[in-house]
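Work through these exercises with the structure open beside you. Try each task before you read its solution.

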Amino acid sequence: MRAAIWNEPGKPLVIGEVPDPSPGPRELVLRVHGCGICGSDLHVSDTTSFPPGTVMGHEFAGEVVAIGPDANAAVDGREWQLGDRVASLPAVGCARCAPCLTGDVMVCPDLQTTGLGVLPGGYAEYVRVGARESLRLPDNASFAEGALVEPLAVGLHVVDVARIAARENVLIIGAGPVGAAVAVWARHSGARSVILSDPVAPRRDLACRLGASGAIDPTSQEVLPEFERQAGAPPDVIVECVGIPGMIQHCIEVAPTRSRVIIAGVCLQPDNIVPVLGVMKELSLKFVAYYHRSDFETTIDALANERLPTREMITDRVALDAMPDAFEALKQPTTQCKVVVEP
Ligand SMILES: [Zn+2]
Ligand SMILES: [Zn+2]
């Protein structure tokens, strides 16, 4: 099959041939119909040393084209059929440990991640996935929307872990796909004001169309006073969704006394903070990763009910051949939100 292949750090992906996947026990093979390009893939492709020949891509949806032995021990009781339309968690768990059995598969001690350097990912014509880790898409959801389930589940998990409650005021640092997903779910959870801070004007505009109540330009406005001006109150929660050095310190500086700082940005480098500032404000810092299977279920239910602004989130679609160029373009400052590869 054809895939976009990573060979060395900082070099563009190349389109080439890799072996066709076949399903192992409790696995399915999907024909990939949509795979979102993720900001963390952009960072990782420049800085991490995977084995040459790695296929990334962890935000995918597709159609079942092969069913492995025991795959029909599916969690929802219905048998898998060829042609089923699914989105999958980008990982295969052991299917035996307590986290796997309760849907908290991303903390399985024997977890094999998909598209993150262990199992081959979704920037390809086909991908091997776990049957337990796969969920059916509703008929009204397109595959491109199915590719949004993973990044939307990231945002839902952040809102869940942050315990964002009705009437709370939320400041989101960074209006990329993660910040946008957090904004969508914070509004769903009844937050009073959801205000994003981002230097890129089209991203701020997009965040407001997705449901944010306001936006701040941190290059020309003082973040905390501007938040208070717009919301009429200081933020209860600050969510870091950028993932570059200096952002956690920025959050600590803008955070009011006894507020919560949630770190969702994936920063791969060492980063400095001045702890005394957080100590004097008695801040709570919390890091979040991934999601629970239930975050996928809730996202898919919301897709079925057409309660998510998915059309606004997908800003471009590209064929597999055009994918390496689109991937490189996203490494530059961009106005895109989610670019979906359609192999
Ligand atoms: Zn991602
Ligand atoms: Zn497990």
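**Exercise 1. Describe how β13 and β14 pair, then place them in their sheet.**

Start with the pair. In this predicted model, β13 and β14 run parallel and are joined by 4 bridges. Take one residue as a marker. Glu 240 has Ile 263 in β14 as its bridge partner.

Now widen the view. The open sheet has 6 strands, in the order β12-β11-β10-β13-β14-β15, and the pairing is parallel. β12 (214-216) and β15 (284-287) stand at the edges. Each has a single partner strand, so one side of each is left without a neighbour in the sheet. From one strand to the next, the twist averages 20°.

**Exercise 2. Find out how helix α8 sits on this sheet.**

First, locate the helix. α8 covers residues 247-254. Next, list its buried residues: Ile 248, Cys 251, Ile 252 and Val 254.

Then ask what they pack against. The partners are the strands β10 (169-173), β13 (237-240) and β14 (260-263), together with the helices α7 (223-231) and α9 (275-281). Last, take the direction. α8 lies across β10, β13 and β14, and runs at about 165° to β13.

**Exercise 3. Trace the pairing from β3 through β4 to β5.**

Begin at β3. This strand spans residues 27-36, and 7 bridges join β3 to β4 (residues 60-67). The two run antiparallel. Leu 28 stands opposite Ile 67 in β4.

Move on to the next pair. β4 and β5 (residues 85-88) are joined by 3 bridges and also run antiparallel. Here Glu 63 has Arg 85 in β5 as its bridge partner.

A general point helps when you look at such strands. In a regular strand the side chains alternate between the two faces of the sheet.

**Exercise 4. Is Ile 67 buried, exposed or partly exposed? Name its contacts too.**

Place the residue first. Ile 67 is in strand β4. Now count. There are 18 other C-beta atoms within 10 Å of Ile 67. A buried residue needs 20 or more, and an exposed one has 12 or fewer. Ile 67 is therefore partly exposed.

Now the contacts. Beyond residues up to four places away in sequence, Ile 67 touches Pro 23, Leu 28, Trp 80 and Leu 82. Check one of them along the chain. Pro 23 is 44 residues from Ile 67, yet their C-alpha atoms are separated by 6.4 Å.

**Exercise 5. Apply the same steps to Met 313.**

Met 313 lies in helix α11 (residues 310-313). With 23 other C-beta atoms within 10 Å, Met 313 is buried. Leave aside its neighbours within four places in sequence. Met 313 is then in contact with Leu 148, Ala 180, Leu 210, Cys 337 and Lys 338.

Add a distance. Met 313 and Cys 94 are 219 residues apart in sequence, and 33 Å apart in space from C-alpha to C-alpha.

**Exercise 6. Which residues have the most contacts inside the largest nonpolar core, and where does this core lie?**

The largest nonpolar core has 100 residues. Ile 172, Ala 180, Val 182, Ala 183 and Val 239 have the most contacts inside it. Helix α5 (residues 177-188) gives the most to this core, with 8 residues. Both domain 1 (2-151 + 291-342) and domain 2 (163-287) give residues to this core, so it lies between them.

Zoom in on one core residue. Not counting residues up to four places away in sequence, Val 239 touches Val 158, Ala 162, Val 170, Ile 172, Ile 173, Val 182, Ile 262 and Ala 264.

**Exercise 7. Describe the contact between the two domains.**

Start with the centres. Taken over C-alpha atoms, those of domain 1 and domain 2 are 28 Å apart. The contact takes 13 residues from domain 1 and 15 residues from domain 2. On the domain 1 side, α1 (39-47) and α11 each supply at least two residues. α1 gives the most to that side, with 4 residues.

**Exercise 8. Sum up the whole protein.**

Count the elements. The protein has 12 helices and 17 strands. Now compare sizes. The radius of gyration is 20 Å, close to the 20 Å that the globule rule gives for 343 residues, so the protein is as compact as a globular protein of that length. The C-alpha trace spans about 55 × 45 × 35 Å along its principal axes.

Finish with burial. Of the 343 residues, 47% are buried.

Note on methods. Residues are numbered from 1 along each chain as its sequence is written. Chains are lettered from A and ligands numbered from 1 in the order in which they are written. This is a predicted model: local features need pLDDT of at least 70, side-chain atom pairs count only at pLDDT 80 or more; totals for chains, interfaces and linings use all residues. Two residues are in contact if their C-beta atoms, placed from the backbone, lie within 7 Å. Two strands pair if DSSP finds at least two bridges between them. Axes are lines fitted to C-alpha atoms, for helices over the stretch in contact, and angles run from 0 to 180 degrees between N-to-C directions. A nonpolar core is a set of buried Ala, Val, Leu, Ile, Met, Phe, Trp, Tyr and Cys residues joined through C-beta atoms within 7 Å. Domain bounds come from an automatic or database domain assignment. The radius of gyration is taken over C-alpha atoms; the globule rule is 2.2 Å times the number of residues to the power 0.38.
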